[in-house]
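Here are some friendly notes to read alongside the model. I have kept them as numbered points, so you can check each one on screen.

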Amino acid sequence: MELLFLVLSSIIFFFFLLHGINHHRSQKMPPGPAGLPIIGNLLDLGPKPHESLAKLSKKHGPLMTIRLGSITSVVASTPDAAREILQRNDEACSGRIIPDAVTALANHDMAVLWIPANDDWRTIRKALNTYLTHQHKLDTLRDLRQNVVEGMLDFLNESGQKKAHVDIGKLAFAVALNQMSNTCVSQNVTSYESDDIGGFKTAVKTLMEVDGKFNIADIFPVLKPLDPQNIRRQAKAAYDWFDNVTERFICERLKHRESKLPRFGDMLDSLLDYSEANEEDFNFKHIKTLLVDLFLAGTETSSNTTEWAMTELLLNPEMFSRVREEVSTIVGEDGKIQEAKILDLPYLHAVIKETMRLHLSVPLLVPHKTETEVKLDEYVVPRNTQILVNAWAMARDPRYWEKPLVFKPERFLENEIDYKGQHFEFIPFGSGRRMCPGIPLAYRVVSLMVASFVYHYNWELPHAREEMDMNDIFGLTLIRATPLVATPIPVTQVRKA
Ligand code: HEM
């Protein structure tokens, strides 16, 4: 009897001991580099945080904790760690931390990019989806997008005649702005002359710059009222400008709709329809804010990708020729590239995917935040922890990619990997509920630009290919450190209608 009691009490003792150990372990945050008092790991990050974090994760593991001032972040650096966050714990990790600069936006509590994934966010995403995920609606505006491309070709033909250098990134940015404005409100908002620094270009550039700038007030919130780097004030001027313009777009459109003239059938019409059907949940303020968000989320990302794709194609003439050959199969009798068929060009698609892999536009995605305490693998991460997903590190990890630093579009012809959030080694648009809703539009805009640049022109670089600067600069998006400049030599003519 005594023996039985002893055995039982030993089992119970060990059970509690083990439970205690596991419980203690499971309460642990992921490991991470030791930081300095007050600033934490700030100095570890340097000017290229995605690269520094990738290096640190080799030592500290796929889930790693870092601290910046009062902000604690968990960083995911492998596809498994990303899946744990964006798929298995998608809901708990779907929050956002609003940067101080963004609070200058009048209705930032309606900004789809920045609000938590709550009911309001769901309504806005639904409103967006009424347009963006419908291929036939995107198809309706194909002619407008074609007009934007023709404007771009006119500019390039003129530049070619003058043997002038063209800043391809700047041009792609202006084109992406016009593609977005045509999608949203059926009109152009900027010209292609590089000295035109009109309202839209300046406002979007300013906001991309200030929203992406390291802001000391974000990591030491007590400094917010002081706005020590003048960031919120700069953001406010640009947001206010946007507010006026989007208000004007909406007022003009409401008048147009009353006049019973034919509908434009663009995104604004879709959003107004949605608002009429869901008056209580989705009003004009939502629409104004959403238009601003779309310009910010969808233009520089698209133009960067285009600029990097052209950089790689100019460095690899055999790939350039292969793209041209493929595009020539979908050129109509009028000499125009048919957007409808562009979606079926496998090599062009592979070039764009490979560009997105090697030159990831948003290397750490948009930071997420835990909405509740959440168990990630064997760790427990408290509520309100920032989550950074280092998609850049995963897209260059030699465990998943053969010769990861080599630009090799063929790899995407040989595998089934897509960017729709299911292959975690390649998530340029994120994954899960906060994934980018603009993929179909982004692909059309980028591929149409790249196809047009390649099909209609030969390009002369002002320097030897080997001298191409491949450095990038970290910000809200990863941009080329040196603009890509080349002279277009027209090889084909587009017949005007
Ligand atoms: C090559 C082009 C693009 C890239 C690389 C890109 C990438 C991304 C990424 C990484 C995110 C964050 C995902 C996350 O937080 O997990 C995002 C969010 C978003 N993108 Fe894109 N994007 C592109 C184009 C576009 C376009 C054309 C639009 C609009 C038509 C758009 C609209 C948005 C919006 C509204 C969000 C916020 C979603 C949310 O927080 O719920 N993007 N994008």
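1. A word on terms before we start: helix axes here are lines fitted to C-alpha atoms over the stretch in contact, and angles run from 0 to 180 degrees between N-to-C directions. Please also keep in mind that this is a predicted model.

2. With that in hand, look at helix α14 (residues 300-315) and helix α15 (residues 317-328), whose axes come within 5 Å and cross at roughly 115°. Angles of 65 to 115 degrees count as roughly perpendicular, and α14 and α15 are therefore placed in that class. On the α14 side the contact is made by Met310, Leu313, Leu314 and Leu315, and α15 contributes Pro317, Met319, Phe320 and Val323.

3. Next, the iron site. Which protein atom is the donor to the iron atom of the ligand? The single one is SG of Cys436, at 2.3 Å. You will find Cys436 in the loop that links α19 (411-414) to α20. Leaving aside residues up to four places away in sequence, Cys436 touches Arg125 and Phe429. Is Cys436 buried, exposed or partly exposed? Its relative accessible area is 30%, and buried would require a value under 20% while exposed would require one over 50%, so Cys436 counts as partly exposed.

4. The three-stranded sheet deserves a look of its own. This open sheet runs in the order β3-β11-β8, and its pairing is antiparallel. Because β3 (166-167) and β8 (457-460) stand at the edges with a single partner strand each, one side of each has no neighbour in the sheet. Helix α7 packs on this sheet, where it touches β3, β8 and β11, and its direction makes about 95° with that of β11.

5. For the register of that sheet, start with β8 and β11 (residues 485-490), which pair in the antiparallel sense over four bridges. Here Tyr457 stands opposite Pro490, and Trp459 is opposite Pro488. On the other pairing, β3 and β11 are joined by two bridges, again in the antiparallel sense, with Asp167 opposite Val485.

6. Two helices go with this sheet. Helix α7 (residues 142-161) has 20 residues and spans 28 Å from its first C-alpha to its last, close to the 28 Å expected at 1.5 Å a residue. Among its buried residues are Val148, Val149, Met152, Leu153, Phe155 and Leu156, but also Arg145 and Glu150. After α7 comes Lys163, with a positive phi near 55°. Helix α20 (residues 439-456) lies across β8 and β11, at about 85° to β8.

7. There is also an open sheet of four strands, in the order β1-β2-β7-β4, and its pairing is mixed. Its edge strands, β1 (63-68) and β4 (368-369), each pair on one side only. Between β1 and β2 (residues 71-76) there are six bridges in the antiparallel sense, and Ile66 has Ser73 of β2 as its bridge partner. Helix α3 (residues 49-60) lies across β1, β2 and β7 (386-389), running at about 125° to β1.

8. Finally, how far apart are Cys436 and Leu68 in space? The C-alpha to C-alpha distance is 27 Å, and 368 residues separate the two in sequence.

Definitions and conventions:
Residues numbered from 1 in each chain as written. Predicted model: local features only at pLDDT ≥ 70, side-chain atom pairs only at ≥ 80, totals over all residues. Heavy atoms only, no water. Expected span 1.5 Å × (residues − 1). Buried < 20%, exposed > 50% of the residue type's maximum accessible area, 1.4 Å probe, protein only. Pairing = 2+ DSSP bridges. Contact = heavy atoms within 4.5 Å. Donors = N, O, S within 2.8 Å, 3.2 Å for Na, K, Ca; no water. Parallel < 35°, antiparallel > 145°, perpendicular 65-115°, else oblique.
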